[in-house]
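Trainee: I would like to go through this protein with you, from the surface inward. Shall we put it on screen?

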Amino acid sequence: MTIDLRSDTVTQPTPAMREAMFSAQLGDDVLGDDPTVNALEAKAAAMFGMEASLFCTSGTMTNQLAIRTHTRPGDDVICDYLSHVYQYEGGGISVNALASASLAHGERGKLTPDLIREHIYNPSDPHKPLSRLVVLENTVNKGGGCYYTVPEIAAIRRVCDEYGLILHLDGARLFNALVETGEPTQAYGNLFDSISICLSKGLGCPVGSLLLGKADMIRQARRFRKLMGGGWRQAGFLAAAGIYALDHHIDRLKIDHSRARKIGALLERLPEIEEILPIDTNIIIFRLSANLLATDYVAQLESKGIRSVVFGKHLVRFVTHLDLTDEMVESIDQRL
């Protein structure tokens, strides 16, 4: 039995999710008449108290659509150096939006009001781009699944309002944060101009993400989605999985977090591991001793039936998810 801890994107749809998918009503989403896609978009927007949403193939697409819609060529995007929009989206900020990025170095990838102020350019200086957009990530992947709280975001929102900046959330694992804090989704809708949420990570869908925002913004994003070749036809099969996940797979994320902490406790006993980042949600990042490369260690784990990913020269990442069981966690103890 292989235990796959590479990512929470490796999950398979549950039998109940598959049943929902196969029984979905379908139409042509490009023409706007797939009833299941429309229902998913309306459901997600209502959850966060936002006007509209757009169903897309991936979180990279929803983030890039947000950046493209909110900025003009030559504008500047403020984000953390560890952020997904900078590290893992193929240079999309510059390619898709023709914008630059000012990179802050926050604690575990989290921005603060002071950090944002430090990276706002003087709009009267013609040598500099215009600061236009701030992007937060919640939870922070490369930060080991750490998360913002609503009060922290509210303080950042005040800075954005002070300087006329737009605020976008890469909420790929937002629900992992919400089940830990107990904060309402509506609070996020009140604080952000746009939000991206991923359905294919902890929520267990086969594919798909949603971009939420004001109706005019989403209309423009839909045009850019078409420009990127992102229009799809009978997408209701996939939208039905999203509806099922939003109805049934949010609260269970606490189980993933509990299993992550159990695995972290197992790793603490291993002499070759120097440090484990705090385990806040479902991501476990650990640092190996200086004489051990992550590539070699990941290969060793693979030989023992544990799949993981290299996250740096001496860093390895595990991610728990709904396909992991208690029996697998016990087996990990025996294999390490």
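Trainee: How much surface does the protein expose, and what share of it do carbon and sulfur atoms supply?
Mentor: Keep in mind that this is a predicted model. The exposed area of the protein is about 14,000 Å². The share supplied by carbon and sulfur atoms is 51%.

Trainee: How far apart are the mean positions of the positive and negative charges?
Mentor: Count the charges before comparing their centres. The protein has 34 positive and 41 negative charges. Their mean positions are separated by 3 Å.

Trainee: What radius of gyration does the protein have, set against a compact globule?
Mentor: Start with the box: the C-alpha atoms fill roughly 55 × 55 × 35 Å along the principal axes. For 336 residues, a compact globule would come out near 20 Å. The protein agrees with that, because its radius of gyration is 20 Å.

Trainee: What percentage of the residues count as buried?
Mentor: The cut-off is under 20% relative accessible area. Apply that to the 336 residues of the protein. The buried part is 58%.

Trainee: Which share of the contacts joins residues at least 24 apart?
Mentor: First the elements: the protein has 14 helices and 13 strands. Now take contacts between residues at least 6 apart in sequence. Of these, the share joining residues at least 24 apart is 73%.

Trainee: Is Gly145 buried or exposed?
Mentor: Place Gly145 first: its loop runs between strand S5 (130–137) and helix H7 (150–163). Beyond its sequence neighbours up to four places away, Gly145 touches Thr139, Val140, Asp280, Thr281 and Ile283. The relative accessible area of Gly145 is 0%, so Gly145 is buried.

Trainee: How far is Gly145 from Glu89 in space?
Mentor: In sequence, Gly145 and Glu89 are 56 residues apart. Go from C-alpha to C-alpha. The distance in space is 18 Å.

Trainee: How many disulfides does the structure hold?
Mentor: Sulfur atoms must lie within 2.5 Å to count. Cys160 has its closest cysteine sulfur in Cys79, at 13 Å, so that pair is too far for a bond. Cys205 is in no disulfide either, with the sulfur of Cys198 nearest at 8.5 Å. The total for the structure is 0.

Trainee: What relative accessible areas do Cys160 and Cys205 have?
Mentor: Cys160 is buried. Cys205 is buried as well. The values are 0% for Cys160 and, for Cys205, 1%.

Notes. Residues numbered from 1 in each chain as written. Predicted model: local features only at pLDDT ≥ 70, side-chain atom pairs only at ≥ 80, totals over all residues. Heavy atoms only, no water. Helix = DSSP H or I, 4+ residues; strand = E, 2+ residues; numbered from the N terminus. Rg over C-alpha atoms; globule rule 2.2 N^0.38 Å. Buried < 20%, exposed > 50% of the residue type's maximum accessible area, 1.4 Å probe, protein only. Contact = heavy atoms within 4.5 Å. Areas by Shrake-Rupley, 256 points an atom, 1.4 Å probe, with all protein chains shown as cover. Lys, Arg positive; Asp, Glu negative; His and termini not counted. Charge placed at Lys NZ, Arg CZ, Asp CG, Glu CD.
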